[in-house]
Amino acid sequence: MRLLQRLWERFAHLVTELAKFGTVGGFATVVDVGLSNLLRYGMDVGPLLSKTLSVAVATTVAFCGNLFWTWRHRAKQ
């Protein structure tokens, strides 16, 4: 029992980071799919251009989300 408590104290911050990382990744996926569909079917943009734009926006969302939320407590180099 004491071993489990020590392990949890040691790795609790990693579990939190993993949950935040997954949340940001899920949100970026929703942005990617939603924007791709909006551009493709709502604004009649070609499939390659709509996917390229949606991936660029989703990548930026994921980068900013992880930088300013997931790993905000870590030192910036």
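**Figure 1. Helix H1 is among what covers the buried residues of helix H2.** This is a predicted model, where local features need pLDDT of at least 70 and side-chain atom pairs count only at pLDDT 80 or more, while totals for chains, interfaces and linings use all residues. Residues are numbered from 1 along each chain as its sequence is written, and side-chain values use heavy atoms, with hydrogens and water left out. Helices here are DSSP runs (H or I, at least four residues), numbered from the N terminus. H2 has 24 residues and spans 32 Å from its first C-alpha to its last. That is close to the 34 Å expected at 1.5 Å a residue (the expected span is 1.5 Å times one less than the number of residues). Which residues of H2 are buried? They are Ser50, Ser54, Ala58, Ala62, Gly65, Asn66 and Thr70. "Buried" means under 20% relative accessible area, "exposed" means over 50%, and "partly exposed" is in between (1.4 Å probe, protein chains only). Handy background: an α-helix has 3.6 residues a turn, so residues three or four places apart point the same way.

**Figure 2. Thr70 and Asn66 hold on to each other by their side chains.** Thr70 sits in helix H2, which runs over residues 47-70, and Asn66 is in H2 too. Their side chains make a polar contact of 2.9 Å. (A polar contact is a pair of N or O atoms within 3.5 Å; within protein, one must be able to donate a hydrogen and the other to accept it, and residues adjacent in sequence count only if both atoms are side-chain atoms.) Thr70 is buried, with a relative accessible area of 0%, and Asn66 is buried at 11%. Look around Thr70 and, skipping neighbours within four places in sequence, you'll find contacts with Glu17, Lys20, Phe21, Val24 and Gly65 (contact means heavy atoms within 4.5 Å). With residues up to four places away left out, Asn66 touches Phe21, Val24 and Trp71. Asn66 and Phe21 are 45 residues apart in sequence, but their C-alpha atoms are 6.6 Å apart in space.

**Figure 3. Lys51 and Asp32 meet in a salt bridge.** How many salt bridges does the structure hold? Just one, and the N to O distance between these two side chains is 3.0 Å. Lys51 lies in helix H2 and Asp32 in helix H1 (residues 2-42), so the pair ties together parts that are 19 residues apart in sequence. To count as a salt bridge, a side-chain nitrogen of Lys or Arg must be within 4 Å of a carboxyl oxygen of Asp or Glu. In general, side chains of opposite charge can pair when their charged atoms come close. Lys51 is partly exposed, at 35% relative accessible area, whereas Asp32 is buried, at 15%.

**Figure 4. Ser54 also reaches Asp32.** Here the two side chains share a polar contact of 2.8 Å. Ser54 belongs to helix H2. Is Ser54 buried or exposed? Buried, with a relative accessible area of 0%. Apart from residues up to four places away in sequence, Ser54 touches Asp32, Leu35 and Ser36.

**Figure 5. Two aromatic side chains, Phe27 and Trp69, sit on different helices: Phe27 in H1 and Trp69 in H2.** Phe27 is exposed, with a relative accessible area of 52%. Its C-alpha is 8.5 Å from that of Ala58, a residue 31 places away in sequence. Trp69 is partly exposed, at 35%. Beyond its neighbours within four places in sequence, Trp69 is in contact with Lys20, Thr23, Val24 and Cys64. Trp69 and Val33 are 36 residues apart in sequence, and 22 Å separates their C-alpha atoms.

**Figure 6. Asp44 has a positive phi, near 55°, without being a glycine.** Most residues other than glycine have a negative phi. You'll find Asp44 in the loop between H1 and H2. Asp44 counts as exposed, at 68% relative accessibility.

**Figure 7. Six residues make a nonpolar patch on the surface: Met1, Leu3, Leu4, Leu7, Phe11 and Leu14.** Together they offer about 640 Å² of accessible area. Patches are built from residues with over 30% relative accessible area and no salt bridge, joining like charges within 9 Å and nonpolar side chains (Val, Leu, Ile, Met, Phe, Trp, Tyr) within 5 Å. Accessible areas come from the Shrake-Rupley method with a 1.4 Å probe, and for residues only the protein chains shown count as cover. One member, Phe11, is found in helix H1 and is partly exposed, at 36%.
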